[in-house]
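Open your viewer and get ready to make a few selections. We will visit some empty space inside the protein, then the ligand.

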Amino acid sequence: MAFQAPKGTYDVLPGTPFLAARDGLLEPARLAGYGYVETPAFEDTELFARGVGASTDVVTKEMYTFSDRGGRSLTLRPEGTAGVVRAVLEHGLHHGQLPVKVRYAGPMFRAERPQKGRFRQFQQSGVEAIGLTDPALDAEVVALAWEGYQALGLRHVRLLLTSLGDPTCRPAYREELAAYLAGLDLDEATRERARINPLRVLDDKRPELQALLADAPLIIDRLCADCKAHHEAVVAGLESLGVPFEPAPRLVRGLDYYMRTTFEFVHDGLGAQSALGGGGRYDGLSESIGGPPLPGIGWALGVERTLLALEAEGVTIPQDDRLQVFVVPLGSAAKAWAVATVGRLRAQGVAADLAYGDRGLKGAMKAADRSGARWAVVVGDRDLDAGVAQLKDLSNGEQTAVPLSDLLEKLA
Ligand code: AMP
């Protein structure tokens with residue numbers, strides 16, 4: 001074979017439920033008034049450096065950055081929020097009705113070490129609700145992701161929830177934590193991470209480090225009055241929406257802009273890459289990219305890991321592009337009839353195809369089985385003269401003769 005897809009990428013091929021998962025995750029948001037947006041796959045590099053955070057792994061190690069022919073530094077987007085907030089500001093959407101509610105889906109790019117559930121080009125479905133700090137909105141946003149997973153049939157998704165505080169309470173906590181970490185016997189790499197962002201050390205999965213951190217101070221116990229009230233309102237909102245969650249006081253996420261409400265969806269059937277999706281409040285993001293103060297909250301859910309979770313739970317969702325009817329013509333008059341009939345079915349919104357290539361009955365029936373259609377219509381030239389077709393239910397092999405005059409109505 002001459003070429004292969006680049007390392008860390010993959011092809012979506014026909015016969016998979018890719019679109020059903022990608023769009024299904026967003027269906028509850030669509031019903032809740034989140035309008036569809038699409039932003040460029042690349043942006044000014046500075047947007048991510050400022051919007052995602054210069055100290056993050058994503059920005060320091062994982063960006064696909066290149067200069068275009070005009071010498072501009074551009075970066076393939078590693079995440080969706082910075083671009084969406086840029087678009088909201090650029091088009092003044094925040095001067096209209098608040099919150100601005102949007103949903104998006106598309107590829108993101110990070111130069112990570114590929115492994116199961118981790119790619120260099122991967123797909124996220126996401127939403128953002130911008131312009132208000134109302135905790136009821138936090139609860140809605142979190143619930144919409146939860147409902148997206150439920151609607152796909154996933155039953156073992158766990159929601160982890162916490163608050164990361166805000167510029168009133170976080171700086172003092174950060175210092176307290178840094179002082180605490182300085183008193184521990186940490187390895188050099190961890191010490192370095194503590195220096196860049198002490199909060200990130202808390203999220204380290206190594207059991208020996210977790211044991212060492214057992215008594216570490218937690219931000220959830222140090223929230224200022226406003227953050228505490230906000231968090232309690234979010235918790236009450238989720239409870240009244242019937243969304244179960246687990247308090248996760250050590251949850252920290254990889255992007256710098258999160259504050260207050262922060263959450264992650266995990267699944268235990270995925271191995272090392274257990275994070276299905278996550279998000280949070282990013283009230284400082286707009287200002288960090290040169291905009292006015294503009295609070296926001298959102299999430300991004302990984303589509304590949306959602307598909308892995310469906311597989312792990314043994315849940316099948318309808319694959320994309322599923323045919324309903326497959327017509328098998330035997331003879332030239334039957335073929336002309338089949339082409340016309342398939343055209344009429346499609347015009348009525350029935351997904352229909354026919355056996356091209358003038359195959360015999362056996363080959364054409366094989367094609368019908370492989371097509372995935374529920375119904376096969378078998379017609380020979382003599383059937384046409386007699387005014388009947390054989391309608392076969394491919395799910396159980398039952399076959400009945402149907403008058404041609406009734407066929408369209410019956411199939412539609
Ligand atoms: P993040 O934007 O880092 O908060 O990630 C949100 C979700 O996107 C994660 O929970 C994953 O499901 C998915 N994701 C992030 N990075 C990758 C990757 N390299 N490959 C596949 N999925 C990813």
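The lining of the largest cavity splits into 4 nonpolar, 2 polar and 2 charged residues. Keep in mind as you look around that this is a predicted model. To see that lining, select Val37, Glu38, Thr39, Arg77, Gly80, Val84, Tyr104 and Ala105. The space they line amounts to about 50 Å³.

How many cavities of 30 Å³ or more does the structure hold? There are 2, so move on to the second largest, with about 30 Å³ of space. Select Leu164, Tyr173, Leu199, Leu202, Ile219, Pro249, Arg250, Leu251 and Val252 to show its lining. By class, that lining has 8 nonpolar residues, no polar ones and 1 charged.

Now centre the view on the ligand. Which of the 14 residues around the ligand come nearest? Pick out Arg110, Glu112, Phe119, Arg253 and Leu276.

Next, turn on the backbone atoms for some polar contacts. At Phe119, a backbone N or O atom sits 2.8 Å from a nitrogen atom of the ligand. At Leu276, a backbone N or O atom is 2.9 Å from a ligand oxygen atom, and a polar backbone atom of Ala275 lies 3.2 Å from an oxygen atom of the ligand. On its own the ligand has 490 Å² of accessible area, and the protein covers 92% of that.

Finally, colour by strand: β6 (121-130), β10 (275-281) and β11 (296-302) each give two or more residues to the shell around the ligand. The largest share, 3 residues, comes from β10. Coloured by class instead, the shell shows 5 nonpolar, 4 polar and 5 charged residues.

Notes:
Residues are numbered from 1 along each chain as its sequence is written. This is a predicted model: local features need pLDDT of at least 70, side-chain atom pairs count only at pLDDT 80 or more; totals for chains, interfaces and linings use all residues. Side-chain values use heavy atoms; hydrogens and water are left out. A residue is near a molecule or strand if one of its heavy atoms lies within 4 Å of it. A polar contact is a pair of N or O atoms within 3.5 Å; within protein, one must be able to donate a hydrogen and the other to accept it, and residues adjacent in sequence count only if both atoms are side-chain atoms. Accessible areas come from the Shrake-Rupley method with a 1.4 Å probe; for residues, only the protein chains shown count as cover. Helices (H or I, at least four residues) and strands (E, at least two) are DSSP runs, numbered from the N terminus. Ala, Val, Leu, Ile, Met, Phe, Trp, Tyr, Cys and Pro count as nonpolar, Asp, Glu, Lys and Arg as charged, and the others, Gly among them, as polar. On a 1 Å grid over the protein atoms alone, a cavity is a set of points where a 1.4 Å probe fits but cannot get out, and a pocket is an open set with protein on both sides within 12 Å along at least five of seven lines; lining residues have an atom within 4 Å of a point. Grid points are joined across faces, edges and corners, and a volume is the space filled by probe spheres set on the points.
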